[in-house]
Amino acid sequence: MAIDINKLTEPELVDLNNRIVARLRFLQQMRAHASMLEFSLGERVSFQPEGHPVLFGVITKYNRKSVTVITETGQHWTVAPSFLRKIKPVREAESDGGNVISLPKK
């Protein structure tokens, strides 16, 4: 469906713009919500804010487009889910055998 915007009046263009902006916001919120569903309250995560070292914490609250994380030092951070990384519990990491490389002994 092609819309010829050259034939629209100014009020129609303003209305079209408002609808486009509302739709884009909705799509962004849906993506953020889908990202948040990958995480659970109480789950341990890590993230790295610009200009800071990697921080570790626990998810304590879902917001509309972000989550609240309390770090190990007690700081509260509001973080977009796309910046979060899950932390595997030590037992899972050990049994996983994933990134552990045994070097030959000399």
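Here is a friendly conversation about how the features of this predicted model get their labels.

User: Let's start with the overall layout. Which helices and strands does the chain have, and in what order?

Analyst: The protein chain has two helices and five strands. Starting at the N terminus, the elements follow the order α-β-β-β-β-β-α.

User: How are the five strands of the sheet ordered, and what makes β4 and β5 edge strands?

Analyst: The five strands form an open sheet in the order β4-β3-β2-β1-β5, and their pairing is antiparallel. β4 (76-79) and β5 (85-86) each have a single partner strand, so one side of each has no neighbour in the sheet, and that places them at the edges.

User: How do you know that β1 and β5 count as paired?

Analyst: Pairing requires at least two bridges between the strands. Two bridges join β1 to β5, and the strands run antiparallel, so the requirement is met. One contact point to look for is S46, whose bridge partner in β5 is R85.

User: And what makes β2 a partner of both β1 and β3?

Analyst: The cut-off is again at least two bridges. β1 and β2 pair over four bridges, in the antiparallel sense, and β2 and β3 pair over five, also antiparallel. Both pairs therefore qualify. On the β1 side, S46 stands opposite F56 in β2; on the β3 side, Y62 has V67 as its bridge partner.

User: Why is S66 called buried?

Analyst: Buried means under 20% relative accessible area. S66 has 12% relative accessibility, so it counts as buried. S66 is in the loop between β2 (55-62) and β3 (67-71). Setting aside neighbours within four places in sequence, S66 is in contact with M36, T78, V79, A80 and P81.

User: Q75 is in a loop too. Why is Q75 called partly exposed?

Analyst: The partly exposed class lies between buried, under 20%, and exposed, over 50%. Q75 has 40% relative accessibility, so the label is partly exposed. Q75 is found in the loop between β3 and β4. Apart from residues up to four places away in sequence, Q75 touches V69 and I70. The C-alpha atoms of Q75 and L55 are separated by 9.9 Å, and these residues are 20 apart along the chain.

User: What about A34: which label does A34 get, and why?

Analyst: A34 has a relative accessible area of 44%, so A34 is partly exposed, a class that ends where exposed begins, at over 50%. A34 belongs to helix α1 (residues 10-36). Its C-alpha atom is separated by 9.2 Å from that of P81, 47 residues away along the chain.

User: How many aromatic pairs are there, and why is the F47 and W77 pair called edge-to-face?

Analyst: One aromatic pair turns up in a search of the whole structure. The ring centres of F47 and W77 are 5.7 Å apart and the planes meet at 65°, so the pair is edge-to-face: centres must lie within 6.5 Å, and planes over 60 degrees apart earn that name. The pair links distant parts of the chain, with F47 in strand β1 (residues 44-47) and W77 in strand β4, 30 residues apart.

User: Are those two residues buried or partly exposed?

Analyst: F47 has a relative accessible area of 5%, so F47 is buried. W77 has 22%, so W77 is partly exposed. The dividing value here is 20%.

User: What makes K86 a charge over a ring?

Analyst: The distance cut-off is within 6 Å of the ring centre. The charged end of K86 is 5.7 Å from the centre of the F39 ring and sits over that ring.

User: Which residues make up the largest nonpolar core, and which elements supply them?

Analyst: The largest nonpolar core has ten residues: M36, F39, V45, F47, L55, I59, V67, V69, V79 and L84. β1, β2 and β3 are the elements that give two or more residues to this core. In soluble globular proteins, nonpolar side chains tend to be buried together. For one member, V45, the residues touched include F39, L55, I59, V69 and L84, not counting those up to four places away in sequence.

User: How much of the whole chain is buried?

Analyst: Buried residues make up 18% of the 106 residues. The chain's accessible surface comes to about 8,800 Å², with 56% belonging to carbon and sulfur atoms.

Notes:
Residues are numbered from 1 along each chain as its sequence is written. This is a predicted model: local features need pLDDT of at least 70, side-chain atom pairs count only at pLDDT 80 or more; totals for chains, interfaces and linings use all residues. Side-chain values use heavy atoms; hydrogens and water are left out. Buried means under 20% relative accessible area, exposed over 50%, partly exposed in between (1.4 Å probe, protein chains only). Contact means heavy atoms within 4.5 Å. Accessible areas come from the Shrake-Rupley method with a 1.4 Å probe; for residues, only the protein chains shown count as cover. Rings of Phe, Tyr and Trp (its six-membered ring) pair if their centres lie within 6.5 Å; planes under 30 degrees apart count as stacked, over 60 as edge-to-face and the rest as tilted. A charge sits over a ring if NZ of Lys or CZ of Arg is within 6 Å of the ring centre and within 35 degrees of the ring normal. A nonpolar core is a set of buried Ala, Val, Leu, Ile, Met, Phe, Trp, Tyr and Cys residues joined through side-chain atoms within 4.5 Å.
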